[in-house]
Amino acid sequence: MSDRAVVTAARRVVVKIGSSSLTTAEGGIDPQRVSALVDVLASVRAAGAEVVLVSSGAIAAGLAPLGLRKRPRGLAAQQAAASVGQGLLVHRYTEELARHGLTAGQVLLTLDDVTRRSHYRNAHQTFTKLLELGVIPIVNENDTVATTEIRFGDNDRLAALVAHLVHADLLLLLSDVDGLYDGPPHRPGTNLIPEVRSAADLDGVAIGTTGAAGVGTGGMATKLDAASIATGSGITVVLTSAEHAAAALAGEQVGTLFHASGRRRPTRQLWLRHATEAKGTVVLDAGAVRAVVERHASLLAAGITSVAGTFVAGDPIDLAGPDGTVIARGLVNFDAAELPDLLGRSTKELKRELGAAYEREVIHRDDLVLL
């Protein structure tokens, strides 16, 4: 099989497009660009493959209706723009897909939610049913209710995690540049990197951090992060521009092909590693570090020496060794306020004094990932 045959052989494809590839010079959504993208998606469906689209652009779509001349900086204003723009964006996709007899389905995800057991299972089941029904899911981060700063660059990472969640064969990252270069693309003497087989191929590559346009915030660094997540989980990645989307999916030698380098991992551990921010930290003694790292054991209260941060049961927290080095992240079973009274005590002792509810692990090994 040739290098690009793996692209044309893909039966389930996730396509991610950034806001800079969907907007006009004034910052609003460009109907022609949306139409051209949908034509490409429809051709993939016509060839028998399933498609999931991860689309930025909600904030950009909301600028003009709100009379805003550029992307606002304040979180509340961004969320207002996203609230107005998300409906307009999906409506545009719905109309364009209808030209091809295809149905769009909106899926809004929060990274925090999908780490939780019931939520990620529900997300997987929702995607599976939508694809089974022939629908093209249109995915975005749920910007309107996000509680932390909205980061459009995270849609690259979101796309990689969605590709893993839906068991995709291929992730196509559409950017405002036509591939990965060994330096700033517009600088004379820089060259397109046609293939990346391992991290070693990226040695010496100068990566920018901001988008060329003023409507998105994701740069090449977030795309490389996304490519690393996907390829490390057995998914092939192609990075190119929206203009080359059809050629890329046809297996032509455009953009940069990132070869799959690993095997599928447990979905929740991937989300936990790449899609969460720790709400606190627990410091472990040396014995607990060995148990967690070498024996892949659950974390018990007996091995914790201190607690920092404000968190509740179910939140992601970091596990640090005696020297403060973070070794793992996991979903904690107790509130921050409960833990200090439990530290250094065995589960038998806790059960005897406080009841059976305190016999459980602080973090179960199934909810823990080494970093």
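## Two sheets, two cores and an aromatic pair

Phe334 is buried, with a relative accessibility of 1%. This residue is a good place to enter the structure, which is a predicted model.

**Around Phe334**

How many aromatic pairs are there? The count is 1. Phe334 and Tyr358 form the pair: their ring centres are 5.9 Å apart and their planes meet at 25 degrees, so the rings are stacked. The cut-off for stacking is under 30 degrees. Phe334 sits in the loop between β12 and α12 (347-354), and Tyr358 in the loop between α12 and β13, so the pair ties together parts that are 24 residues apart in sequence. Tyr358 is partly exposed, at a relative accessible area of 24%. Phe334 has another partner in Arg360, whose charged end sits over the Phe334 ring, 4.0 Å from the ring centre.

**The sheet of 5 strands**

Both loops adjoin strands of an open sheet. Its 5 strands run in the order β10-β9-β11-β12-β13, and the pairing is mixed. β10 (304-309) and β13 (368-370) are the edges; each has a single partner strand, so one side of each lacks a neighbour in the sheet. Neighbouring strands here are turned by 25 degrees against each other on average, direction ignored.

β11 (residues 316-320) and β12 (residues 326-331) are antiparallel and share 5 bridges. Within that pairing, Leu319 is bridged to Ala328 in β12. Helix α11 (residues 286-293) packs on this sheet and touches β9 (280-284), β11, β12 and β13. The direction of α11 makes about 105 degrees with that of β9.

β9 has partners on both sides. With β10 it runs antiparallel, over 5 bridges. With β11 it runs parallel, over 3 bridges. Thr281 is the bridge partner of Ala308 in β10, and Val283 that of Ala320 in β11. Which side chains of β9 are buried? Gly280, Val282 and Leu284 are, and they point to one face; Thr281 and Val283 point to the other face and are not buried.

**The sheet of 8 strands**

A further open sheet has 8 strands, in the order β3-β4-β2-β1-β5-β7-β8-β6, again with mixed pairing. β3 and β6 (195-196) are the edge strands, each pairing on one side only. Strands of a sheet pair through backbone hydrogen bonds, in either a parallel or an antiparallel sense.

β5 and β7 run parallel and are joined by 6 bridges. One of the residue pairs there is Leu172 with Val238 in β7. Two helices that pack on the sheet are α2 and α4. Helix α2 (residues 31-46) touches β1 (12-17), β2, β4 (136-141) and β5, and its direction makes about 155 degrees with that of β2. Helix α4 (residues 75-98) touches β1, β2, β3 and β4, and its direction makes about 150 degrees with that of β3.

β1 and β2 are also parallel, with 6 bridges between them. Arg12 stands opposite Glu50 in β2. Of the 6 residues of β2, 5 are buried, so this strand is largely enclosed by the rest of the structure.

**The cores**

Nonpolar side chains tend to be buried together in soluble globular proteins. The largest nonpolar core here has 40 residues; Val14, Phe127, Val139, Val162, Leu171 and Leu180 touch the most other members. Elements that each supply at least two residues include β2 (50-55), β3 (104-109), α6 (117-132), β5 (170-175) and β7 (236-241). Which element gives the most? α7 does, with 7 residues.

Val14 shows how the parts meet. Beyond its neighbours within four places in sequence, Val14 is in contact with residues including Val52, Val54, Ala159, Val162, Leu170, Leu171 and Leu172. A second, separate core holds 33 residues, among them Ala42, Ile136, Ala248 and Leu249.

**Two histidines with positive phi**

His167 and His296 each have a positive phi without being glycine. His167 lies in the loop between α7 and β5, His296 in the loop between α11 and β10. Both are partly exposed.

| Residue | Phi | Relative accessibility |
|---|---|---|
| His167 | about 60 degrees | 42% |
| His296 | near 50 degrees | 49% |

Technical notes. Residues numbered from 1 in each chain as written. Predicted model: local features only at pLDDT ≥ 70, side-chain atom pairs only at ≥ 80, totals over all residues. Heavy atoms only, no water. Pairing = 2+ DSSP bridges. Helix = DSSP H or I, 4+ residues; strand = E, 2+ residues; numbered from the N terminus. Axes fitted to C-alpha atoms, helices over the stretch in contact; angles between N-to-C directions. Contact = heavy atoms within 4.5 Å. Phe/Tyr/Trp six-rings, centres within 6.5 Å; stacked < 30°, edge-to-face > 60°. Buried < 20%, exposed > 50% of the residue type's maximum accessible area, 1.4 Å probe, protein only. Lys NZ or Arg CZ within 6 Å of the ring centre and 35° of its normal. Core = buried A, V, L, I, M, F, W, Y, C linked by side-chain atoms within 4.5 Å.
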